[in-house]
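Work through the exercises below with the sequence and the structure side by side. Each begins with a task and continues with a solution in steps.

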Amino acid sequence: MTNNAKTETVIRCLAVDDEPLALRQICNYVEKTPFLQLSGKARNAFEAMKIIAETQIDLLFVDINMPELNGMDFVKTLDKNILVIFTTAYSEYAVEGFRVNAIDYLLKPIGYSDFLEAANKAASAFQLKNGPAETISVNEEYLFVKSEYRIVRIPYNEIKYIESMREYVRIHLTENKPVMSLMSLKSLEERLPGNQFMRVHRSFIVNLNAVRVIERNRIVFDKDVYIAIGEQYKDEFQAFLDKHFL
């Protein structure tokens, strides 16, 4: 796999793992990746806390299964500006990992190609967080958003739903990969046509034209994507249903 990260800024990394061999592997991978810099390593969450208090860290590679304080609970205590990639030998932690907005999840044993793919995702997120102010332009049929160093044109009818991911949004499309852009969900909500898009949860806006199935107060986009309708948005969404219900 080639390195496709487009960043001139080095991303400062901290590796945390209680297994010496696993820790050494992550450190070696960081050191061989040009846009990453190893700024620290720790054998447990408490060592990591000390390093973070003394050193600027942009990206954390952290094992989930650690004694005393596991990686998942440790990450919940951190400043949200620190990007996180989880590492673990247990695949059942993947869903929980994404609930805390991890950039990616690496399953041990970790190959360099998988590591680099995750690192590139982190580089894209880092650029979004630290790049120029948000850029968005809309009209009646499409919007333009800044994603990395590109301006991307997205027709409304290709959008399924939009997800809030900390300081940026992820626009999920019907055919292509999601597009990430640095902006708040609220600012995007204010500029999208209200007759086509509706906020149904504090973290989600849906394209009403893409809604096909509603089940148990959730919008079902496919077998793996269920968007719950938040309590404060239920009345507005119910009014939409009542208007179109036969």
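**Exercise 1. Decide whether Lys 121 is buried, partly exposed or exposed, and describe its salt bridge with Asp 104.**

Step 1. Lys 121 has a relative accessibility of 36% and therefore counts as partly exposed, given that buried means under 20% relative accessible area, exposed over 50%, and partly exposed in between (1.4 Å probe, protein chains only).

Step 2. The side chain of Lys 121 meets that of Asp 104 in a salt bridge with an N to O distance of 3.1 Å, where a salt bridge is a side-chain nitrogen of Lys or Arg within 4 Å of a carboxyl oxygen of Asp or Glu.

Step 3. Because Asp 104 belongs to strand 5 (residues 104-107) and Lys 121 to helix 5 (residues 112-130), the pair ties together parts that are 17 residues apart in sequence; helices (H or I, at least four residues) and strands (E, at least two) are DSSP runs, numbered from the N terminus.

Step 4. Asp 104, in turn, is buried, with a relative accessible area of 10%.

A note on the basis of these solutions: the model is predicted, so that local features need pLDDT of at least 70 and side-chain atom pairs count only at pLDDT 80 or more, while totals for chains, interfaces and linings use all residues. Residues are numbered from 1 along each chain as its sequence is written, and side-chain values use heavy atoms, with hydrogens and water left out.

**Exercise 2. Find how far apart Lys 186 and Glu 190 are in helix 6, and place their salt bridge among those of the whole structure.**

Step 1. The side chains of Lys 186 and Glu 190 meet in a salt bridge at 3.4 Å, N to O.

Step 2. Both lie in helix 6 (residues 185-191), and because they are four residues apart, about one helical turn separates them.

Step 3. Lys 186 counts as exposed at 52% relative accessibility, and Glu 190 is exposed as well, with a relative accessible area of 57%.

Step 4. Searching the whole structure gives nine salt bridges, and a network of such bridges links Asp 17, Glu 19, Asp 63 and Lys 108.

**Exercise 3. Work out the strand order of the open three-stranded sheet and say which strands stand at its edges.**

Step 1. The order is 14-15-16, with antiparallel pairing, where two strands pair if DSSP finds at least two bridges between them.

Step 2. Strand 14 (213-215) and strand 16 (225-228) each have a single partner strand, so one side of each is left without a neighbour in the sheet.

Step 3. Strand 15 (residues 218-222) is joined to strand 16 by four bridges, and Asp 222 has Val 225 in strand 16 as its bridge partner.

Step 4. A salt bridge can be added to this picture, since the side chains of Arg 218 and Glu 215 meet at 3.4 Å, N to O; Arg 218 is partly exposed at 26% relative accessibility, as is Glu 215 at 34%.

**Exercise 4. Identify which element gives the largest share of the largest nonpolar core.**

Step 1. The largest nonpolar core has 30 residues, and those with the most contacts inside it include Ile 11, Phe 115 and Tyr 168; such a core is a set of buried Ala, Val, Leu, Ile, Met, Phe, Trp, Tyr and Cys residues joined through side-chain atoms within 4.5 Å.

Step 2. Helix 5 supplies the largest share of this core, nine residues.
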